[in-house]
Amino acid sequence: MKDIQSQLDSRRINIKKVGVKTVSYPITVRDKAQKRQQTVATANMYVNLPHKFKGTHMSRFVEILNEFHGEIDIKSFHIILEKMKDRLEAEASHLEIEFPYFLKKVRNGGSSHLGHYQCSMHGSLQKEDELTLSLEVPISLPIVEKNPRSLPGSMGRWGKADVSVRFRHFFWIEDIILLIEETVEEELNDFSAKETKVLSVESLARRLSATLEQIEEINWYSITVHNFGDECSTFATLESC
């Protein structure tokens, strides 16, 4: 049977991205307290298609994923990108996985609960590989202000912080989550002492930036702080130099 996908194409037109999307796949990620945590990811896998090929073998994407039996960490992420690039004879490969991450937390009263955080890892490999970890950390406030002059939604149900980082060295997911939450708590403590009860997305974004700047393992970061309102929402975004 002829391998149609690998036949030469005379039109000399490159395709920037070709692959599979929204593949639900069980994975195991590293957990600082429990060593491993099982979760379910949604994966997107794609490569560029050189003009000399008519198409690519879509089944090979999932085949490569299966070889790792769901064990996903920074090391295996790089290896998956290398295998995709090599087997599909591509100039560049890309892998995106999004998954819920659970962190056990203890309340002041001693009871525990599971914090739920949406995480994603985006990796690309051309000449060099690049991996970005993104986290969504919810922000809530205990105070409700009924001041019609304040920004909509600036109190009470509040918003979230979207933080993306690239690391020089390994760093635990739990540690980056706790850093973000501790920084938010510091901002809330300062905010509680102020007469004007409006939490600023700009101020919180700057405080988070100052925190991440102190972490030697972080090579680059991007921060977006969202404040959800009834009629409109506000946000502030920044990234490292």
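**Figure 1. Trp 172 and its edge-to-face partner.** In this predicted model, Trp 172 has a relative accessibility of 21%, so this residue counts as partly exposed, a label that starts where buried, under 20%, leaves off. A search through the whole structure turns up 2 aromatic pairs. Trp 172 belongs to one of them: with Phe 170 it makes an edge-to-face pair, the ring centres 4.9 Å apart and the planes at 80 degrees to each other. Phe 170 is partly exposed as well, at 38% relative accessible area. The ring of Phe 170 also has a charge to deal with, as the charged end of Arg 30 sits over it, 4.6 Å from the ring centre.

**Figure 2. Phe 167 and Phe 171, a stacked pair.** Here the ring centres of Phe 167 and Phe 171 lie 5.7 Å apart. Their planes are at 25 degrees, which is under the 30 degrees that marks stacking, so this pair counts as stacked. Phe 171 is buried, with a relative accessibility of 15%.

**Figure 3. Arg 166 over the ring of Trp 220.** This view picks out another arginine placed over an aromatic ring. The charged end of Arg 166 is 4.0 Å from the centre of the Trp 220 ring.

**Figure 4. Helices α1 and α2 packed against each other.** To describe two packed helices, you give the angle between their axes and the distance between those axes. For α1 (residues 59-66) and α2 (residues 74-87), the angle is about 145 degrees and the axes are 10 Å apart. Their crossing is right-handed. On the α1 side, the contact is made by Arg 60, Phe 61, Ile 64 and Leu 65; on the α2 side, by Ile 80, Lys 83, Met 84 and Arg 87. Sorted by type, the residues of this contact come out as 5 nonpolar and 3 charged, with no polar ones.

**Figure 5. Phe 99 and its neighbours.** Phe 99 sits in strand β3, which covers residues 93-106. With a relative accessible area of 0%, Phe 99 is buried. Which residues does Phe 99 contact, once its neighbours within four places in sequence are set aside? There are Ile 27 and Val 29, then Thr 39, Val 40 and Ala 41, then Tyr 117, Gln 118, Cys 119 and Met 121, and finally Ile 173. The view also takes in Ser 24: Phe 99 and Ser 24 are 75 residues apart in sequence, while their C-alpha atoms are 9.7 Å apart in space.

**Figure 6. Asn 48 in strand β2.** Strand β2 spans residues 35-49, and Asn 48 lies in it. Is Asn 48 buried or exposed? At 13% relative accessibility, Asn 48 counts as buried. Measuring along the sequence, Asn 48 and Gly 19 are 29 residues apart; from C-alpha to C-alpha, they are 8.7 Å apart.

**Figure 7. Ala 236 in strand β8.** Ala 236 has its place in strand β8, residues 234-239. It counts as buried, with 12% relative accessibility. Leaving out neighbours within four places in sequence, the contacts of Ala 236 are with Val 201, Glu 202 and Ala 205, plus Ile 223, Thr 224 and Val 225. Val 225 is 11 residues away along the chain, and the C-alpha atoms of Ala 236 and Val 225 are separated by 5.4 Å.

**Figure 8. Thr 22 and Glu 89, two positive phi angles.** Thr 22 is not a glycine, yet has a positive phi of about 50 degrees. This threonine is in strand β1 (residues 15-31) and is exposed, at 57% relative accessible area. Glu 89, not a glycine either, has a positive phi of about 50 degrees too. Glu 89 is found in the loop between α2 and β3, and its 46% relative accessibility makes it partly exposed.

**Figure 9. The chain behind the close-ups.** Stepping back, the chain has 4 helices and 8 strands. Starting at the N terminus, the elements follow the order β-β-α-α-β-β-β-β-α-α-β-β. The chain has 241 residues, and 44% of them count as buried. Of the contacts with a separation of 6 or more, 62% are between residues 24 or more positions apart.

Methods: Residues numbered from 1 in each chain as written. Predicted model: local features only at pLDDT ≥ 70, side-chain atom pairs only at ≥ 80, totals over all residues. Heavy atoms only, no water. Axes fitted to C-alpha atoms, helices over the stretch in contact; angles between N-to-C directions. Helix = DSSP H or I, 4+ residues; strand = E, 2+ residues; numbered from the N terminus. Left-handed = near helix turned anticlockwise from the far one by under 90°. Contact = heavy atoms within 4.5 Å. Nonpolar A, V, L, I, M, F, W, Y, C, P; charged D, E, K, R; others polar. Phe/Tyr/Trp six-rings, centres within 6.5 Å; stacked < 30°, edge-to-face > 60°. Buried < 20%, exposed > 50% of the residue type's maximum accessible area, 1.4 Å probe, protein only. Lys NZ or Arg CZ within 6 Å of the ring centre and 35° of its normal.
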